[in-house]
Amino acid sequence: MDKNKIEFIEARESADVKGMLHPIVAEWFFGKFKDFSLTQLYGVAPINERKNILISAPTGGTKTLTAFLSILNYLVGLSLRNELEDKIYAVYVSPLKALSNDIYVNLEKPLTEITELATLKGLKMQPIRVGLRTGDTTVSERAKMARKAPHIFVTTPESLAIVLTTTKFSENLRSLEFVIVDEIH
């Protein structure tokens, strides 16, 4: 396939997407939602397959959760197998005005609920760390993230530009597996 060619994909069947999810992630998801959204039927599988994808949908179209679902699934699987390394697996970049609500609803809350569900089932998970870096992040918080990298690094475009110029932190990005760029205007 030509790397410069835009390819339009077909939506996957709900059962196929569900089959990609770790049982604990699937149980969490279907405890919250009746089924996958159309956006998720198009987007979860390609992200799971490590394909580059552009997801476009109206506001409230589950784009952010679609982007995070495969990543959370992957990290939860590593965590349950005690294979989570001290490195950044994913970077989420979004303008400051969108960060707070999107991250709480689509990342922090699901991660907390999945961890609680695993605990109820007697499953031991390594903690999955999320780090937030904006212009307001204190020097001590930045140093802490440089020493012990978050598994998911959440930042703004401006802060990412700064981080990319720092030797210590940019080293943490060498084995990066996922990048989500949200709110493209």
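1. Asn82, just after helix H4, takes a positive phi of about 60°; helices here (H or I, at least four residues) and strands (E, at least two) are DSSP runs, numbered from the N terminus. A positive phi, of about 65°, is also taken by Arg50 just after helix H3. The model is a predicted one, in which local features need pLDDT of at least 70 and side-chain atom pairs count only at pLDDT 80 or more, whereas totals for chains, interfaces and linings use all residues. Residues are numbered from 1 along each chain as its sequence is written, and side-chain values use heavy atoms, with hydrogens and water left out.

2. Helix H4 has 18 residues and reaches 26 Å from its first C-alpha to its last, close to the 26 Å expected at 1.5 Å a residue, where the expected span is 1.5 Å times one less than the number of residues. H4 nevertheless bends by about 30° at Leu69, the bend being the angle between axes fitted to the seven residues ending there and the seven starting there. H4 is mostly covered, since 15 of its 18 residues are buried (buried means under 20% relative accessible area, exposed over 50%, and partly exposed in between, with a 1.4 Å probe and protein chains only).

3. Ser79 is placed in H4, which spans residues 63-80, and with a relative accessible area of 1% Ser79 counts as buried. Once its neighbours within four places in sequence are left aside, Ser79 is in contact (heavy atoms within 4.5 Å) with Leu84, Lys124, Met125, Gln126 and Ile128.

4. Gln126, one of those partners of Ser79, is found in the loop between helix H5 (96-120) and strand E2 (130-133). With the same exclusion of neighbours within four places in sequence, Gln126 is in contact with Leu78, Ser79, Asn82, Glu83 and Leu84. A polar atom of the Gln126 side chain lies 2.8 Å from the backbone nitrogen of Leu84.

5. Helix H3 (residues 38-48) is largely enclosed by the rest of the structure, because eight of its 11 residues are buried. These buried residues are Thr39, Gln40, Leu41, Gly43, Val44, Ala45, Pro46 and Ile47. What covers them includes helix H1 (14-20), helix H2 (23-32), H4 and strand E4 (178-181).

6. Side chains of opposite charge can pair when their charged atoms come close. Under the rule that a salt bridge is a side-chain nitrogen of Lys or Arg within 4 Å of a carboxyl oxygen of Asp or Glu, the count comes to eight salt bridges. One of them joins Lys32 and Glu113, whose closest N and O atoms are 3.3 Å apart. Lys32 lies in helix H2 and Glu113 in helix H5, so this pair ties together parts that are 81 residues apart in sequence. Lys32 is partly exposed at 41% relative accessibility, whereas Glu113 is buried, with a relative accessible area of 18%.

7. A further salt bridge links Glu83 to Arg81, with the closest N and O atoms 3.2 Å apart. Both ends count as partly exposed, Glu83 at a relative accessible area of 40% and Arg81 at 47%. Elsewhere, salt bridges that share partners join Arg12, Glu49 and Lys51 into one network. Within this network, the side chains of Lys51 and Glu49 meet at 3.4 Å, N to O, and Glu49 is partly exposed at 33% relative accessibility.

Notes: A polar contact is a pair of N or O atoms within 3.5 Å; within protein, one must be able to donate a hydrogen and the other to accept it, and residues adjacent in sequence count only if both atoms are side-chain atoms.
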